[in-house]
Amino acid sequence: MERSSRQPDDTFAGEARGELSPRAARALWWGSAGLVLGVLGTAVLVAGAEHGWRLPVALVLVLAQVGALRWQARNPVAVLALNALTGLAVWALLPAVSLTGALLAAQVTLCVLSATRPRRVSLWALAAMCLPAPLAFGAGGAAGLAVYLLTVVLAWTAGQWRRAQRERMRAEARRAVVEERARIAREVHDVVAHTLSVMVIQAGAADDVFTERPEQAREALRAIETGARSALGELRLLLRAFRPDAEAGEPGEQPRPSLARLDELADTVRATGITVHMHHEGAVDALPAAVDLAAYRIVQEAFTNTLRHAAGADEVSVRVTAEGECVKVTVVDNGRTRQGSSTMVGAGRGLVGMKERARLVGGSLHAGPLPGGGFEVAARLPVEDAS
């Protein structure tokens with residue numbers, strides 16, 4: 001059951017790298033275009049009402065700025081240069097329009113450039129935008145100069161604030177991955193230790209009965225082979241992750257998390273008043289321990305996200321399908337994202353953790369809101385790659 005859904009986790013990763021998703025880029029364009037048309041377009045219509053041919057030329061220049069804003073996220077330097085030149089042309093045609101207003105589109109692009117490009121590039125752009133300051137002083141005196149410089153600096157500062165926010169998001173994502181890998185490494189260490197202990201016991205049993213009961217010895221050897229294959233898969237995952245803080249002591253005495261214990265996990269969610277529907281297809285008792293553990297943790301984190309971030313959720317459906325070559329896990333709730341809560345900021349660490357778990361066993365995970373409401377987490381975990 002793999003429904004097509006949006007992927008806020010992937011969108012978040014792109015945002016952290018300074019990239020905008022197509023949807024965000026369109027929203028930026030429409031917002032900035034509406035601002036320029038509403039403010040500068042209105043000012044041009046009012047100021048050029050009695051200037052004959054200058055009005056249509058100025059309007060064409062305004063539309064050119066609006067069109068150029070379509071590419072400001074992709075190439076803000078070129079768009080800034082174009083909007084600055086056309087803005088100065090508008091002001092030259094209609095001096096009644098303030099220089100600050102005529103260069104509004106350029107200021108918007110300066111903000112985008114400051115947020116998405118290295119600081120040295122944005123500082124050069126800021127200096128270039130300050131060059132028309134004498135024109136502002138000549139047209140409006142000290143007040144005109146102050147207003148112009150203030151708006152330019154504010155545009156650059158707003159971009160720097162957004163850049164700092166994006167850096168914080170990147171650090172949060174990186175820290176979430178590191179913590180999740182360390183947690184996975186500890187769990188895999190325990191699983192491998194358990195598997196190797198069983199292999200030692202089986203080897204001793206095979207040696208005891210090798211002469212008198214060879215068939216029983218063969219069964220023990222086959223169990224050792226199976227355990228060794230599983231341990232190799234676990235060790236492969238252990239090498240992919242890392243364990244910065246080795247914890248001394250014996251593995252915990254609690255039973256190991258497993259898909260076989262999903263009903264216990266569901267009971268803890270039901271205790272909060274949420275109805276949980278469990279659907280199982282296929283056998284999950286012979287899965288590689290790494291895949292079994294990853295699937296359990298993905299369901300656990302999906303439950304956590306529902307409890308924390310899905311306002312009004314009163315029903316969750318979990319479907320686990322064990323096929324020959326993979327395990328599919330789907331968790332769907334009927335809630336809605338709380339106002340002011342972002343699945344990427346609030347639940348982003350959980351989504352990053354789930355995705356990292358799926359990746360370390362060679363699988364994939366998609367998470368996002370459904371068109372009809374609710375939120376879906378869908379993971380596909382291959383069995384063969386982890387064995």
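Visitor: In S3, which residue is the bridge partner of histidine 277?

Guide: This is a predicted model, in which local features need pLDDT of at least 70, side-chain atom pairs count only at pLDDT 80 or more, and totals for chains, interfaces and linings use all residues. Residues are numbered from 1 along each chain as its sequence is written, and side-chain values use heavy atoms, leaving out hydrogens and water. S1 and strand S3 (residues 315-322) run parallel and are joined by 7 bridges. In S3, the bridge partner of histidine 277 is serine 317.

Visitor: Which are the edge strands?

Guide: The open sheet has 5 strands (DSSP runs of E, at least two residues, numbered from the N terminus). Their order is S1-S3-S4-S7-S6, with mixed pairing (a pair needs at least two DSSP bridges). Pairing on one side only are strand S1 (275-281) and strand S6 (364-369).

Visitor: At about what angle does helix H11 run to S7?

Guide: Helix H11 (residues 289-309; helices are DSSP runs of H or I, at least four residues) lies across S1, S3, S4, S6 and S7. Angles run from 0 to 180 degrees between N-to-C directions of axes fitted to C-alpha atoms, for helices over the stretch in contact (heavy atoms within 4.5 Å). To S7, H11 runs at about 175°.

Visitor: Is glycine 324 buried or exposed?

Guide: Glycine 324 lies in the loop between S3 and S4. Buried means under 20% relative accessible area, exposed over 50%, partly exposed in between (1.4 Å probe, protein chains only). At 74%, glycine 324 is therefore exposed.
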